[in-house]
Amino acid sequence: RPRAAQSGLRTLRRCAAMGNGNGRLLHLTITYSFIISCGNSFFTNPKHPRAREPQLKFGVTPFKGIQMMMKGPTEATATKKPPAYIFIRIVSSSQERTDASGINGDDALLVKVAPTLDSKRKQSSDPPNISHGQITPIFSLEDHNTLININGNMVDDSSVSPPTLKRLFAFPIENDHSDKSNPSNSSDDCDGGTLMASVYESTLSIKQGEIFNDSSYKVMTLKELFQLIETRSSCSNQIQHHYPNQSSPTNHILHLYRQHQLDSIIPGRRLLHGTSGSNIDDYTLRPKPAVVFFDCDDCLYFDQWTIAGHLTDKIENHCQKEFGLPTGYAYTLYKKHGTALRGLIAEGYLSKDCSVSMDGFLDKVHDLPIHELLSPDVPLRDMVLKIDPSIRIFVFTASVSHHAQRCLEALGIADLVEGIIDVKDCQFETKHSISSFHIAMEKAGIDDPEACVFLDDSVKNIESARKVGWRSVLVGRVGRDCGKAVTSEHAEHEIDRIHHLPEVFPELFLD
């Protein structure tokens, strides 16, 4: 009925003009049929006996107005719901996620292979080749439900998710469909053009995974996916996700997923408040480590505090002979000022302006036969060699550089360290002084504190590193002075020996 159709179209245009949209042109297909008006909902009845085959196409705007009229108020509200991204992890039926098998990226993920034009030209009998097609390890809810045979829709984050899905985290993405110039478009899910997208994980056993034997799907490990990213010049052209929202690249979500996997699997990892990745409801990617700062004494090596004892005796003897101080006063200065050197400066026994007296003191107290006290540490060298070569390595010590250099040579890793930052570089301040950490960053040429990784045996130093924004690892969990267990709430990890670093901080290493 042309007249009724024209009247309905005019009404449809007027209602569309009342919507709050982004001004995009949307082509709708309206069938000549009996049009029924019901509040803000319009729908056609193609089965009506007077419905006709021809179709009329016309342009309408805005997008949201049309969306509300065609879907109705209830469905239109649902369209504001943040997107969901789903990883499907393949495990054996007997595997439990209680070990560290996923740390090295060995977890298998189901990926969808979308053949390109070139791959379609290949013989159908040829095996699927990732290099000839685009792949995505991220699935939409619809794809997931189709594969796993789950009925129903995604529930709100505040509700219980379907049993097959486990919510991992939410992260911010740009909302491409928001009208930032129109304040009336703001909602709880959209603030300033930003949406919080949720990432879920679904787990399939091997028996279930065996149904994906066609060329449309492939099982890959996280390691293989990252190798693919690294070997391709343009990640976005090789690995794409087909979820409708294109504002969050797959490689970014994949890095977030791996970061969350490490945070969940590594025993004892602390997600420190205020740092990137500490809030699963606003999960952000931590910057790639750029510099590792190793402490020297009692960190790169542990000798039951033998060298530390020799240094203490040297300082005590020097204070008695050169300054006439009573026995034990050097330790009093240490407890009061943080280091005996700082105490001697504060009480006027040494002057920072007199390089002769300062160098004389530092040279004498560090005059030790280091090569007789330390020996090459082959496992330590092997570990340092496996650190990502793009990550620079420094020694950050409270002693002097020539003492640290002798220690590095004795341990057999001097050639692997780029530089030494010592007490002189820090203007004779204590190592746990905030200014010392800023000087270390300046010497290393690094601006982002969260890209710095710090390893030290001092709880005070670890606390200062946290204040500056460094990521840190406490090395040694027994205190020298008290002989009791020590811990630091400011350390991301705590380990007994430096050799355990790969177990808790795999992000530093190539494998």
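**Entry 1: glutamate 494**

I began at the side chain of glutamate 494, which makes a polar contact with the side chain of arginine 270 at 3.0 Å. I note here that the model is a predicted one, and I read every distance below with that in mind. The side chain of glutamate 494 also reaches the backbone nitrogen of serine 488, at 2.8 Å. I then asked whether glutamate 494 is buried or exposed. Its relative accessible area is 16%, and because the cut-off for buried is under 20%, I entered glutamate 494 as buried. Leaving out residues up to four places away in sequence, I listed what glutamate 494 touches: Arg270, Leu474, Arg477, Val486, Thr487 and Ser488. Arginine 270 and serine 488, the two partners noted above, are thus both among the residues in that list.

**Entry 2: the sheet around strand 16**

Glutamate 494 lies in strand 16, so I looked up next where that strand sits. Strand 16 (493-495) is an edge strand, pairing on one side only, as does strand 13 (419-421) at the other edge. The sheet is open and has six strands, in the order 13-12-11-14-15-16, with parallel pairing. Ignoring direction, I found that neighbouring strands in this sheet are turned against each other by 25° on average.

Within the sheet I followed the pairing of strand 11 (residues 291-294) with strand 14 (residues 452-456), which run parallel and are joined by four bridges. Valine 292 stands opposite valine 453 of strand 14. I also looked for what packs on the sheet, and noted helix 16 (residues 434-444), which touches strand 11, strand 12 (392-396), strand 13 and strand 14. The direction of helix 16 makes about 145° with that of strand 12.

**Entry 3: helices 9 and 10**

I turned to helix 9 (residues 306-323) and helix 10 (residues 329-337), which pack with their axes 8 Å apart and at an angle of about 110°. That angle makes helix 9 roughly perpendicular to helix 10. Helix 9 contributes Ile315, Glu316 and Cys319 to the contact, while helix 10 contributes Tyr329, Ala330 and Tyr331. Sorted by class, the contact has five nonpolar residues, one charged and no polar.

**Entry 4: the chain as a whole**

Last, I took down the totals for the chain, whose secondary structure comes to 18 helices and 16 strands. Of its 511 residues, 44% are buried, and glutamate 494 is buried too. For contacts between residues at least 6 apart in sequence, I recorded that 69% join residues at least 24 apart.

Methods
Residues numbered from 1 in each chain as written. Predicted model: local features only at pLDDT ≥ 70, side-chain atom pairs only at ≥ 80, totals over all residues. Heavy atoms only, no water. Axes fitted to C-alpha atoms, helices over the stretch in contact; angles between N-to-C directions. Helix = DSSP H or I, 4+ residues; strand = E, 2+ residues; numbered from the N terminus. Parallel < 35°, antiparallel > 145°, perpendicular 65-115°, else oblique. Contact = heavy atoms within 4.5 Å. Nonpolar A, V, L, I, M, F, W, Y, C, P; charged D, E, K, R; others polar. Pairing = 2+ DSSP bridges. Buried < 20%, exposed > 50% of the residue type's maximum accessible area, 1.4 Å probe, protein only. Polar contact = N/O pair within 3.5 Å; in protein donor to acceptor, adjacent residues only side chain to side chain.
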